[in-house]
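This report introduces a protein structure to a reader who has not met it before. Please examine the sequence and the three-dimensional view shown here before reading on.

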Amino acid sequence: MAPAAAFVVSSRIKRIGLLAIALTSLLGFLWLSMTNILGIQDEIRRVWSVDSTRVFQHSRKKASAWERRGEGEIHRWGLPVNGTDHIIFFNAIPKTGCRSVARAAAMLSAHQTSDARLQMSVLPDTILNDEDQIRSLIATYNRPHIVGGHAVFVPFPSTSPVRYVNIMREPLARLVSHYYFIRYGDSAQPGGFLAGDDSSMMTLDECLKNKECRTQHYKTLVPTTISQLCGVGEICRSYSREAMLQAIRNLDHYTMVGLTEEMDTTVLLLEKMFPDIMRGLHGYFARSQNDSMKKFKTSQKTYPSPETVAIIKEDLSWEYELYDEVKKRFIDLKTRVGFQ
């Protein structure tokens with residue numbers, strides 16, 4: 001073979017060899033990538049399939065890690081949120097009127113025609129106490145968006161598009177309504193949730209005189225509001241004054257917290273605080289208010305005796321401190337924006 005021809009053949013063989021090496025490396029990289037992707041998918045499936053007890057334990061273990069990272073000072077209370085590139089997190093406290101507001105927001109959304117149409121989602125029950133899964137799921141939502149659910153407070157960084165809102169109710173009235181709602185439900189959820197339970201027909205007076213009912217049913221309702229607003233931190237594990245004080249500190253993360261006793265003003269303030277997302281909300285709320293009250297009103301309630309009221313108010317003393325702080329801020333906010 002001529003020297004020139006031999007050189008050409010040799011060069012081609014080298015190029016083929018280099019191409020083969022590159023192709024082998026590429027195939028190896030793709031194989032590793034697919035393996036990693038499948039592994040991540042398996043992990044996602046594993047995490048999302050855990051039962052609620054494990055989720056609760058998982059969230060408490062993760063809380064201290066977030067505390068160590070440090071959130072920094074955030075003061076969002078009463079600051080209007082302009083634009084539509086936001087997620088409104090309504091971690092609703094039970095029996096405060098939150099479903100009536102959500103219903104009005106759904107009607108508002110149904111009549112919006114712009115590209116920035118308000119979308120709505122409810123967090124799955126299995127993740128309501130898990131800060132990592134709450135953050136991960138909320139991060140997938142398009143904006144603007146309202147996210148609902150009886151979830152614990154989870155801090156978001158200052159750069160996050162998430163803005164908190166909530167509603168509080170006079171503590172005694174809320175607990176009485178919650179107690180009987182669990183037993184009898186309402187027009188939207190008739191029948192209650194204690195079928196077959198020996199205490200399902202007990203009044204609050206009777207429940208507080210029955211050791212099993214008082215421990216298993218009444219005592220589990222007492223911490224509800226403080227537990228949700230306190231969050232997943234170490235001090236939130238028990239019902240305490242420290243948990244209540246943490247809940248008060250967390251109010252700075254909220255754009256506003258309304259009052260059930262002033263629901264009309266609460267909805268007007270929501271419009272004021274989110275002018276580009278909530279404009280028109282009050283009109284739909286006013287139109288649907290009577291029907292919502294019938295739909296979501298607890299089916300049957302027996303007001304407790306004076307003796308029982310005294311016991312409940314004593315048990316709710318920390319919640320009353322939290323409620324008074326929210327009420328003070330609410331009155332200041334509505335005065336500042338010009339509402340009488």
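The text below treats the internal spaces first and then two helix pairs.

The structure is a predicted model, in which local features need pLDDT of at least 70 and side-chain atom pairs count only at pLDDT 80 or more, while totals for chains, interfaces and linings use all residues. Residues are numbered from 1 along each chain as its sequence is written, and side-chain values use heavy atoms, without hydrogens and water.

**Cavity and pocket**

On a 1 Å grid over the protein atoms alone, a cavity is a set of points where a 1.4 Å probe fits but cannot get out; a pocket is an open set with protein on both sides within 12 Å along at least five of seven lines, and lining residues have an atom within 4 Å of a point. Volume is the space filled by probe spheres set on the points, which are joined across faces, edges and corners.

The model has one cavity of 30 Å³ or more. The largest cavity holds about 60 Å³, and its lining includes I88, F90, M120 and L270. Helix α3 (98-110) and strand β1 (87-90) each supply at least two lining residues, with α3 giving the most, three. Helices (H or I, at least four residues) and strands (E, at least two) are DSSP runs numbered from the N terminus.

The largest pocket encloses about 930 Å³. Of its 31 lining residues, P94, K95, T96, R99 and S177 lie nearest the centre. Helices α3, α5 (171-184), α7 (211-221) and α11 (281-296) each contribute at least two residues to this lining.

Ala, Val, Leu, Ile, Met, Phe, Trp, Tyr, Cys and Pro count as nonpolar, Asp, Glu, Lys and Arg as charged, and the others, Gly among them, as polar.

| Lining | Nonpolar | Polar | Charged |
|---|---|---|---|
| Largest cavity | 10 residues | no residues | no residues |
| Largest pocket | 10 residues | 15 residues | six residues |

**Helix pairs**

Axes are lines fitted to C-alpha atoms, for helices over the stretch in contact, with angles from 0 to 180 degrees between N-to-C directions. The axes of α3 and α11 come within 8 Å and cross at roughly 135°. Contact (heavy atoms within 4.5 Å) involves, among others, R99 and R103 of α3 and D291 and K295 of α11. Nine nonpolar, three polar and four charged residues make up this contact.

The axes of α10 (residues 263-273) and α13 (residues 317-336) come within 11 Å and cross at roughly 60°. In this pair, T265, T266, L269 and M273 of α10 meet F330, L333 and K334 of α13. Their contact comprises four nonpolar, two polar and one charged residue.
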